[in-house]
Amino acid sequence: IRQCREELKAKKIAPAEIAKAIDMSEMHIVTDMQSEEVALAIETLFVDAVESIIRGESFSFAVPSRSAGNQIYISALDQVVLKTNVAERSFVHAKQVRKTALLARVLSLVHEVIRKGIHVTKRDLFYTDVKLFVKQEDSDGVLEDAACMIGCPRNCLHVVAAEKGLVVGRLQFYEDGDLIDCTRMGITGKAIPSTVDKISDISSDAEFILLVEKDAAYNRLAEDRFYNQFPCILITGKGQPDVATRAFLHRVTSELQIPVLAFVDADPYGLKILSVYMSGSKSMSYDAASLTTPDIKWLGLRPSDLDTFDLPDQCRLPMTSKDIEMGKQLIEEAFIQKNPKWCKELNKMLQSKQKAEIQALSAFGFQFVSKVYLPTKLRRGDWI
């Protein structure tokens with residue numbers, strides 16, 4: 001672990017230095033903005049709209065495209081980022097009028113929230129005008145468009161998702177002025193706050209972060225106080241991670257400079273979840289810089305572990321046709337291709353057509369994960 005940590009520090013390159021080596025002119029860049037800056041940007045958009053209406057031209061918004069065709073993977077950054085294509089949303093076009101109205105409404109609500117100096121959830125935002133939004137996925141999508149158009153991360157809009165992720169272990173920080181000690185937050189730990197920007201003074205004596213896919217496995221490790229056996233921080237996003245968990249992991253690793261070891265299911269979906277942590281999701285590729293954690297090590301559960309630990313046949317599941325298709329797609333992904341050992345593991349899975357969930361290790365005993373499996377892997381340095 002210590003060697004891994006030193007290697008991480010040795011190859012750490014400042015984002016500015018990376019940017020100098022990459023042509024960023026064809027990429028849409030977002031940056032952290034103060035509340036006053038966001039409010040001013042929204043006011044400018046509405047002033048432009050009013051002036052356009054006065055000229056008799058109605059109004060429109062130039063929204064950066066978040067479609068797959070406008071995204072590119074940058075290996076040096078290990079991120080999926082947006083290119084510079086934009087789409088015009090005009091109030092005079094019948095096909096665009098609803099989305100334009102939704103965007104204008106969301107911008108006005110965000111401006112109100114920022115001026116009041118408060119935070120609201122995406123659900124709160126939706127319920128302010130249910131008849132207009134109709135479905136929350138519509139207001140959620142327009143919210144991402146608004147952040148992308150303004151050029152800031154979504155958290156700068158003061159609109160957050162409901163808390164989902166959890167953290168426990170050797171970590172302390174201040175949240176809006178209150179000291180949080182994650183070793184004293186009960187068995188399940190602390191809910192990861194939606195407002196990561198209110199966190200400060202992060203400190204820890206942990207050697208590494210253990211990123212756990214499933215909350216069941218996380219709960220087992222938390223109850224067994226695994227972080228006292230191996231000085232670490234336990235984090236889970238309870239499956240597909242939310243924005244707050246991804247932002248929190250990025251923030252903690254950036255400040256502590258300790259390695260992240262992943263404990264996910266030995267199936268394509270486990271790797272897909274890992275890719276979101278590492279390279280970002282396509283829906284929020286514009287905000288990848290603040291939501292991604294490159295160079296996460298794959299500790300387990302790996303396909304080779306099924307034989308290494310002699311997992312019983314009844315605990316191995318046959319891969320479905322959908323699993324196989326996703327596995328084939330993943331093996332073509334850049335974040336897999338750049339790691340030959342990951343390719344080898346994924347090929348082994350596809351050849352055997354077998355998968356296994358973390359819970360399968362309970363066949364050896366409920367505490368096998370915390371008492372045998374993970375200690376064995378960590379002492380051997382068995383991660384890739």
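# A guided tour from the loop at Leu-301

Begin by selecting Leu-301, which has its place in the loop between S15 and H13; the model is a predicted one, and this loop is a useful place to enter it. The peptide bond that joins Gly-300 to Leu-301 is cis, with omega at about -15°.

Select Arg-302 next, a residue of the loop that runs between strand S15 (297-300) and helix H13 (303-308). Is Arg-302 buried or exposed? With a relative accessible area of 4%, Arg-302 falls under the 20% limit and is therefore buried. Display its surroundings, and you will find that Arg-302 touches Ala-266, Glu-345, Tyr-373, Lys-377, Asp-382, Trp-383 and Ile-384, leaving aside residues up to four places away in sequence. With one of these residues, Asp-382, the side chain of Arg-302 makes a polar contact of 2.7 Å.

From the loop, go back along the chain to S15 and colour the sheet to which this strand belongs: six strands form an open sheet with mixed pairing, in the order S10-S7-S13-S12-S14-S15. Its edge strands, each of which pairs on one side only, are strand S10 (190-191) and S15. Now add helix H17 (residues 368-380), which packs on this sheet by touching strand S12 (208-212), strand S14 (260-263) and S15, and whose direction makes about 140° with that of S15. Within the sheet, select strand S7 (residues 166-169) together with strand S13 (residues 232-236); the two run antiparallel and are joined by four bridges, and Val-167 has Ile-235 of S13 as its bridge partner.

Keep Ile-235 selected as you turn to the largest nonpolar core, which holds 47 residues; those that touch the most other members are Leu-171, Ile-233, Ile-235, Phe-248, Ile-296 and Trp-342. Helix H10 supplies the largest share of this core, with seven residues. Centre the view on Ile-296, and its contacts, not counting residues up to four places away in sequence, are Leu-211, Leu-249, Val-260, Ala-262, Leu-274, Tyr-277, Met-278 and Trp-342. Another core, of 34 residues, lies apart from the largest one, and includes Cys-4, Phe-309, Tyr-373 and Trp-383.

The next stop is a second sheet, an open one in which three strands pair antiparallel in the order S9-S8-S11. Strand S9 (178-181) and strand S11 (199-203) form its edges, each pairing on one side only, and the twist from one strand to the next averages 20°. Helix H10 (residues 243-256) packs on this sheet, where it touches S8 and S11, and its direction makes about 50° with that of S11. Strand S8 (residues 172-175) is joined to S9 by four bridges, and Phe-173 has Ile-180 in S9 as its bridge partner.

While S11 is in view, pick out Asp-201, which is found in this strand and has a positive phi near 50° although it is not a glycine. Asp-201 counts as exposed, at 56% relative accessibility.

Finally, select helix H14 (residues 321-330), where the buried residues are Asp-323, Ile-324, Met-326, Gly-327 and Leu-330. Seen down the axis of H14, these buried residues fall within an arc of 165°, so they line one face of the helix. The face turned away from them carries the exposed residues Ser-321 and Lys-322. Add the elements that cover the buried residues of H14, among them helix H11 (268-279), helix H15 (334-337), helix H16 (340-352) and strand S17 (354-355).

Notes. Residues numbered from 1 in each chain as written. Predicted model: local features only at pLDDT ≥ 70, side-chain atom pairs only at ≥ 80, totals over all residues. Heavy atoms only, no water. Pairing = 2+ DSSP bridges. Axes fitted to C-alpha atoms, helices over the stretch in contact; angles between N-to-C directions. Contact = heavy atoms within 4.5 Å. Core = buried A, V, L, I, M, F, W, Y, C linked by side-chain atoms within 4.5 Å. Buried < 20%, exposed > 50% of the residue type's maximum accessible area, 1.4 Å probe, protein only. Polar contact = N/O pair within 3.5 Å; in protein donor to acceptor, adjacent residues only side chain to side chain. Arc of directions from axis to C-beta.
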